[in-house]
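Subject: Structure handover

Hello,

Here is the structure for your next round of work. Please open it alongside this note. My findings follow below.

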Amino acid sequence: MAGVRTIKITGQDIHQYLDKLAALRIEVFRHFPYLYDGSQAYEKKYLQTYAKANGSAIILATEQEEVVGASTCIPLSEETSALKQSFKNTAYNMDEIMFFGESVLKETYRGRGIGVEFFRQREGHARQLEKKYATFCAVQRTSNHPLRPAGYQSLHNFWKKRGYTPLPQVSTQMEWKDVDQSEESSKTLNFWIKKLV
Ligand SMILES: CC(C)(COP(=O)(O)OP(=O)(O)OC[C@H]1O[C@@H](n2cnc3c(N)ncnc32)[C@H](O)[C@@H]1OP(=O)(O)O)[C@@H](O)C(=O)NCCC(=O)NCCS
């Protein structure tokens with residue numbers, strides 16, 4: 001991680017980084033499995049949730065003045081009703097859960113432990129807020145998806161190594177336009193969870 005620093009941003013300070021986070025999301029999520037044909041309009045709506053929330057944080061990876069990666073977290077209770085709905089019929093208490101949004105890192109900075117550091121710092125933040133669980137969701141794509149790159153390796157083993165397990169009965173739907181489509185379509189995102197205490 002030589003030259004790259006990670007810092008945690010919370011509260012009102014988050015606002016000044018939202019444009020950079022949006023740009024990173026649009027750049028990184030264009031690729032499989034997200035295939036997100038990002039728009040500033042969608043980004044603005046999405047990131048408002050983080051900007052307004054109590055307890056949200058962004059972990060930034062920076063090199064000199066450039067933001068090269070970012071990762072977000074927010075108490076689940078501050079998330080959209082659609083996301084919260086996913087946990088409605090589970091035994092989990094929503095107030096005890098920290099939701100991890102994205103981890104996005106420019107391609108040339110991968111494989112140096114920054115993704116591990118994003119998890120470490122977000123879990124630390126969740127523990128500070130006395131959350132008992134951390135959760136996140138990931139898009140589900142078919143194994144024969146036409147845009148799946150040859151030799152693509154999912155992040156499942158990376159997440160398992162960080163102590164997360166799939167929550168098979170919990171999922172949510174999100175809409176966005178894929179890079180190879182002309183209209184938005186609905187995707188299923190599956191949840192993973194880890195007990196923090
Ligand atoms: C997810 C993402 C942020 C992970 O970032 P990363 O920095 O490449 O991940 P890390 O380097 O921390 O960890 C990857 C592996 O490299 C290993 N690693 C750690 N330090 C290392 C080093 N100095 N050199 C080489 N490998 C290293 C880690 O141990 C890990 O291996 P493991 O899974 O076997 O434990 C990055 O892949 C990404 O932006 N992907 C696209 C967006 C995405 O899909 N995000 C997730 C959903 S929101």
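Start with Pro-33, which sits in the loop between α1 and α2. A cis peptide bond joins Phe-32 and Pro-33, with omega at about 10 degrees. Most peptide bonds are trans. Keep in mind throughout that this is a predicted model.

Backbone oddities

Two residues have a positive phi without being glycine. One is Gln-64, at about 50 degrees. Gln-64 belongs to the loop between β2 and β3. Its C-beta has 8 neighbours inside 10 Å, so Gln-64 counts as exposed. The other is Glu-130, with phi at about 60 degrees. Glu-130 is in the loop between α4 and β5. Glu-130 is exposed too, because it has 11 C-beta neighbours inside 10 Å and the cut-off for exposed is 12 or fewer. For background, most residues other than glycine have a negative phi.

Helix α2

There is a kink in α2 of about 25 degrees, centred on Tyr-46. What span should the 13 residues of α2 have at 1.5 Å a residue? The expected figure is 18 Å, and the end C-alpha atoms are 18 Å apart, so the two agree.

The nonpolar core

The largest nonpolar core holds 31 residues. Those with the most contacts inside it are Ala-70, Cys-73, Met-98, Phe-99 and Phe-100. Several elements give two or more residues to this core, namely:
- the helices α1 (18-28), α2 (40-52) and α4 (114-128)
- the strands β2 (57-63), β3 (66-75), β4 (97-105), β5 (133-139) and β7 (184-195)

Which element gives the most to this core? That is β4, with 6 residues.

Two core residues in detail

Cys-73 is part of strand β3. Is Cys-73 buried or exposed? Buried, because 31 other C-beta atoms lie within 10 Å, against a threshold of 20 or more. Setting aside neighbours within four places in sequence, Cys-73 is in contact with Ser-56, Ala-57, Met-98, Phe-99, Phe-100, Gly-101, Arg-122, His-125 and Ala-126. Cys-73 and Thr-10 are 63 residues apart in sequence, yet their C-alpha atoms are 10.0 Å apart in space.

Now Met-98. With neighbours within four places in sequence again left out, Met-98 is in contact with Cys-73, Pro-75, Leu-76, Ala-126, Leu-129, Lys-131 and Ala-134. Cys-73 and Ala-126 are in contact as well.

Lys-20

Lys-20 lies in helix α1. Lys-20 is partly exposed, because 16 other C-beta atoms lie within 10 Å, and partly exposed falls between the limits of 12 or fewer and 20 or more. The C-alpha atoms of Lys-20 and Gly-69 are separated by 9.3 Å, although these residues are 49 apart along the chain.

The ligand shell

How many residues surround the ligand? There are 17, and the closest are Leu-105, Arg-110, Gly-113, Gly-115 and Val-116. By class, the shell has 8 nonpolar, 5 polar and 4 charged residues. β4, α4 and α5 (156-161) each supply at least two residues of the shell. β4 gives the most, with 4 residues. β4 is also the element that gives the most to the largest nonpolar core.

Best wishes

How values were computed
Residues numbered from 1 in each chain as written. Predicted model: local features only at pLDDT ≥ 70, side-chain atom pairs only at ≥ 80, totals over all residues. Core = buried A, V, L, I, M, F, W, Y, C linked by C-beta atoms within 7 Å. Contact = placed C-beta atoms within 7 Å. Expected span 1.5 Å × (residues − 1). Bend = angle between axes of the 7 residues up to and from the residue. Near = placed C-beta within 6 Å. Nonpolar A, V, L, I, M, F, W, Y, C, P; charged D, E, K, R; others polar.
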